[in-house]
Amino acid sequence: MYNTIKTPLVHITRRKDIVWYRAWLIRILAIVLALILCGIITTFVVHINPIEVYKTMISGNFGTTRKIWFMGQDLATLLIISLALAPAFRMRFWNLGGDGQALMGCFGAAACMILFSGSVPNWLMLIMMFAAALFCGMLWAVIPAFFKAKWNTNETLFTLMMNYLATQIIAFFVVVWENPKGSSKIGIINQRSRIGWLPEIGGNKYILIIIVAIVLAVVMFIYMRYSKHGYEIAVVGESEPTARYVGIKVKKVILRTLLLSGAICGLAGFLMVSSTNHTLTTTLVGGRGFTGVMVAWLAKFNPFFMILTSFLLVFLNRGASEISTMFGFNDSFGAILTGIILFFIIGCEFFLNYEMHFRKRAKKEVE
Amino acid sequence: MKSLKKVLALVLVAIFAVGMLAACGKSGGGDEPAGSGAAPGGSGAVAPASEFKAGLICLHDENSTYDLNFINGFKEACEAMGLVEGETYFIKTNKGENEECYQAASEMVDMGCNVIFADSFGHEDYILQAAIENPDVQFCHATGTKAHTEKVANYHNAFASIYEGRYLAGIAAGLKLNEMIDSGKITADKAVMGYVGAYPYAEVKSGYTSFYLGAKSVCPSVTMQVTFTNSWYDETLEKTGAQTLIDNGCVLISQHADSMGAPTACEAANVPNISYNGSTVAACPNTFIVSSRINWAPYFTYAMQATKDGTPIDYDYVGTIETGSVVLTDINEAAAAPGTAEAIEAAKADLVSGATNVFDTANFTVGGQKLDSYLADVDDMGDFQPETEVIENGVFKESVFRSAPYFDIDIDGITILGDVQ
């Protein structure tokens, strides 16, 4: 009797296609479920009304005009670095070196400020900083790209290692340029003279980076969707042999795309030093090169969706920080909530790509 | 077997379902949390303007002994003034020494804080920037150096004469070494202490030199080796550093770095440890002797009360043993030499009365010579130019010309090993 054909309780098939509203329904369901689970944990573990916690997350991002600007600047920084990574990922080149590339951008810009302040006019200083930042970012991206194109080395490990190299180089120069002596910190560069500081638009130093991020998102969308370069990137990503067959110079595409990737990371570094932070530390980029991977993947490399996904991550991060301040926890509790929400959001991708079939009751009766 | 699997599956499903129901019941409907997203900015922390509020910005969180010491002091001072966490006093942790710090300070201004404190040396420039932009709010930065030269009316530095605490802790170390010598465990010339420092910076140098002088005051043959981690908080490096010193033959370890790395390495190797920032006796019951620490509560109370009353706050506040700012933790009798408590009490009385001075030039030599004159870079203008004569009447006057330490001399008897590898 038990030797008849067994039907598993659940079996899974790949979805051919999914209508957009069903996809969004699944996503929204995932977020609701995540919030419920967070609610359970908040209620039973720390004995706080979860609604208050969610309200705090929102006020942490939107509570005051100033907070909205801070959030916007944070979002813009993350978005720029994510946009830098997107074309490389589209090409199936796993650039995990966004952190290092942006950090080297910071290094290039800060080096100009420290070495040439007072000897060149401010406009020239800004141009030099811009050029140096882009150059350093590109250099950090093109080295692994060159090895990949020439000898097919593993770019995942290579770009990852370049991050540590960048951190160590900056750690070294922070000691060289430390102020005061022995303190191992640089502090705000040119705090009084403001040499090498980008001008504030209407007295607000956050607008500029936000504008740059939006413009870049639009440009990147056009570049990836409509330009010949964008098409080449997509073909190389789908299949290298096909690309070669249709006459695309794969090596050239790899190098060119990574130069672009590095340049945009360098730009992010320039903006971080010149527009907001005005300093150089090893933690300035703060892991955005890695968060950017998630931003780009969740948005399927669509620059406009990336605005949404980077908002999600920034929102969670700032919300978590606000929770710790308002309820007197350390950051771990906020991190747990963020983790749960991300787990559900990433997990729901599974249900977007696969369909679950449950064993029907009728079958059992036949058995 | 098969039915067992089914039962297990059913039970799991049941547990999950019950969990869901419980969630709905507790949070008042599962859709409500998502619904709250419709009202952004609904719960801004707007309070009556008259209410007094205070904020503290920390580099790390309570896992760092350094930050924990600030957090505890702040909570104590705030609660003594009747403030409530999350309502009238706020703590922001893990704020880096960059724009993050400025943003945290600005947000605290928006929350209505009347006085804002920051605990890390690298926060200084960002707090100063916030102070310039918000002249109605008082900003107090611990361990900083710029208040007395920048002269921004609402920006203040604070520190404590912690070298006195280190000196007293050093006495406990010296007595322990004497005990080892007397019991024949080591010979007098093998009385070598090890010290894990963060950076080769005046704050650290002043700390280990005073510790060494304290030990030397009771154990004349003592020498010391120092290694640096180049980080205020790096558990692995601190552990490695302590282990290297132990392997070098150091029979007692102390540290100026903020993790549990060195104390736990000592406990594992059964080497006595003099701690900093607070007692580590819970993790190191066999090796912890005593710890010196700065008690920030008196300063918090002073600055908050002054802000409340509208009276000026010192540009440079130096807490002392007398103000209760420099304290020693309880002595762990299991590890300390007998008579330690009495010896510390006696030395403390002498320090308070002025009978002894920690940096009395009669007690140390530099390159074999007694020091008669020393210029220190007190006015920290970024010029690296020492300009202030700090030796008066045969005493190096530490924390007198500004609150942050400036004793940065390498004295005889202390060997600098360099960085932890």
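What share of the 367 residues in chain A is made up of buried residues? In this predicted model, buried residues account for 45% of chain A. The secondary structure of the chain comprises 14 helices and 2 strands, and its C-alpha atoms occupy a box of roughly 90 × 60 × 40 Å along the principal axes. Of the contacts in chain A that link residues at least 6 apart in sequence, 77% connect residues at least 24 apart. Confidence in chain A is summarised by a mean pLDDT of 91, with 96% of the residues at 70 or more. Residues 363-367 of chain A, however, have a pLDDT below 50, and this stretch makes 2 contacts in the model beyond near neighbours in sequence.

Individual helices of chain A were then examined. Trp20(A) belongs to helix 1, which covers residues 20-46 of chain A. The C-alpha atom of Trp20(A) is separated by 36 Å from that of Phe44(A), 24 residues away along the chain. Trp20(A) has 7 other C-beta atoms within 10 Å and is therefore exposed, since a residue with 12 or fewer such neighbours is assigned to that class.

Helix 2 of chain A consists of 13 residues, 50-62, and at 1.5 Å a residue should span 18 Å. The C-alpha atoms at its ends are 18 Å apart, so the expected and modelled spans agree. The helix is mostly covered, with 10 of its 13 residues buried. The buried set in helix 2 of chain A begins with Pro50(A) and also includes the run Val53(A), Tyr54(A), Lys55(A), Thr56(A), Met57(A), Ile58(A), Ser59(A), Gly60(A) and Asn61(A).

Backbone geometry in chain A includes a positive phi of about 60 degrees at Arg92(A), which is not a glycine. Most residues other than glycine have a negative phi. Arg92(A) is located in the loop that joins helix 3 (65-90) to helix 4 (98-116) of chain A. With 13 other C-beta atoms within 10 Å, Arg92(A) is classed as partly exposed, because the exposed class ends at 12 and the buried class begins at 20.

Chain B has 12 helices and 17 strands. Of its 421 residues, 49% are buried. Contacts in chain B between residues at least 6 apart in sequence join residues at least 24 apart in 66% of cases. A positive phi also occurs in this chain, at Asn277(B), a residue other than glycine whose phi is near 75 degrees. Asn277(B) is placed in the loop between strand 9 (273-276) and strand 10 (288-294) of chain B. Asn277(B) has 21 C-beta neighbours inside 10 Å and so counts as buried, the threshold for that class being 20 or more.

The domain assignment divides chain B into domain 1, residues 54-142, and domain 2, residues 162-419. The centres of domain 1 and domain 2 of chain B, taken over C-alpha atoms, are 26 Å apart. Across the boundary, 20 residues of domain 1 of chain B are in contact with 17 residues of domain 2 of chain B. On the domain 1 side, the elements that contribute two or more residues are helix 3 (65-80), strand 3 (115-118) and strand 4 (138-142) of chain B. Helix 3 of chain B supplies the largest share of this side, 10 residues. By residue type, the domain 1 side that touches domain 2 of chain B contains 12 nonpolar, 7 polar and 1 charged residues.

The packing of nonpolar residues was considered next. The largest nonpolar core contains 116 residues, and those with the most contacts inside it are Phe74(B), Ala105(B) and Ala172(B). Helix 7 of chain B, residues 162-182, gives the most to this core, with 11 residues. Both domain 1 (54-142) and domain 2 (162-419) of chain B provide residues to this core, so the core lies between them. Setting aside residues up to four places away in sequence, Phe74(B) touches Leu56(B), Ile91(B), Phe117(B), Trp296(B) and Phe300(B). Apart from this core lies another, of 98 residues, which includes Val53(A), Ile81(A), Val142(A) and Ala217(A). Val53(A), one of the buried residues of helix 2 of chain A, is thus also a member of the 98-residue core.

Definitions and conventions
Residues are numbered from 1 along each chain as its sequence is written. Chains are lettered from A and ligands numbered from 1 in the order in which they are written. This is a predicted model: local features need pLDDT of at least 70, side-chain atom pairs count only at pLDDT 80 or more; totals for chains, interfaces and linings use all residues. pLDDT is the predictor's confidence in each residue, from 0 to 100. Two residues are in contact if their C-beta atoms, placed from the backbone, lie within 7 Å. Helices (H or I, at least four residues) and strands (E, at least two) are DSSP runs, numbered from the N terminus. The expected span of a helix is 1.5 Å times one less than its number of residues. Domain bounds come from an automatic or database domain assignment. Ala, Val, Leu, Ile, Met, Phe, Trp, Tyr, Cys and Pro count as nonpolar, Asp, Glu, Lys and Arg as charged, and the others, Gly among them, as polar. A nonpolar core is a set of buried Ala, Val, Leu, Ile, Met, Phe, Trp, Tyr and Cys residues joined through C-beta atoms within 7 Å.
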